[in-house]
Amino acid sequence: MKWIFRIVGTLFVLLVVCVLGLWIASHRRDAGRMRGSIDIERPPEEVFAWISEPDKVRQWVGWLVEVRPDSTTPRDGIGHKETWVMDDPRMKQRLSVQGTFTLWEPPQEMGVHVELPQAFEGDVFYKLTDLGGGRTRVEQDARFHYLDRFAALMEPMVTPEAMRKMVEDMHRLKAKIEAQPIQSDSTTTEGGGK
């Protein structure tokens, strides 16, 4: 009989240690933060279009099935709102993530505040650096705060999974852009002169 109490006691202590470990990890300084960068063989103006235009964004953001612009807000720029409809295969229903543009400096920077009511909210920033020679470095810095207590506790497991998706999306962005024909210089005439 004593061995049953010892086993149950040991399991209880292990559960408490696991929960305490998750709680401590979920309160670290960079909890909910994801950062990444990728170099793309196109100029910043082309790349910026791919991160800001709904039809192009749908081509590289995984699980994104629809972008619904809010017609009551500016067409683009600061204050523009849109809803991203996500079809995460692990979820029973589609998610509607609401976004509001908070930073708009084409073709260098863009920022969006995103939220899924009762689940999470956060800010995603893109910085595009002209590397010269028609190359651009895209840096993404995202910070999320989970509103649901269980999700907040599980943040040490959720954030790395979300980071993997972000990296996959960035590689898909690079592949999609670089698969497009290089835009020719419109200042060149058919006769070869300028």
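Arg-75 sits in the loop between strand 2 (64-69) and strand 3 (81-86), where helices (H or I, at least four residues) and strands (E, at least two) are DSSP runs numbered from the N terminus. This is a predicted model, in which local features need pLDDT of at least 70 and side-chain atom pairs count only at pLDDT 80 or more, while totals for chains, interfaces and linings use all residues. Residues are numbered from 1 along each chain as its sequence is written, and side-chain values use heavy atoms, with hydrogens and water left out.

**Arg-75**
- Arg-75 is exposed, at a relative accessible area of 76% (exposed means over 50%, buried under 20% and partly exposed in between, with a 1.4 Å probe and protein chains only).
- Between Arg-75 and Pro-43 the C-alpha to C-alpha distance is 24 Å, and the two are 32 residues apart in sequence.

**Salt bridges around Arg-135**
- The count comes to 18 salt bridges, each being a side-chain nitrogen of Lys or Arg within 4 Å of a carboxyl oxygen of Asp or Glu.
- Arg-135 pairs with Asp-39 at 3.6 Å, N to O; because Arg-135 lies in strand 7 (residues 135-146) and Asp-39 in strand 1 (residues 33-40), this salt bridge ties together parts 96 residues apart in sequence.
- Arg-135 also forms a salt bridge with Glu-41, with the closest N and O atoms 3.3 Å apart, and Glu-41 lies in the loop between strand 1 and helix 2 (44-52).

**Other salt bridges**
- Asp-169, which is buried at 7% relative accessibility, forms a salt bridge with Arg-172, the closest N and O atoms being 2.7 Å apart.
- A network of salt bridges links Asp-30, Arg-33, Arg-35, Asp-141 and Arg-143.
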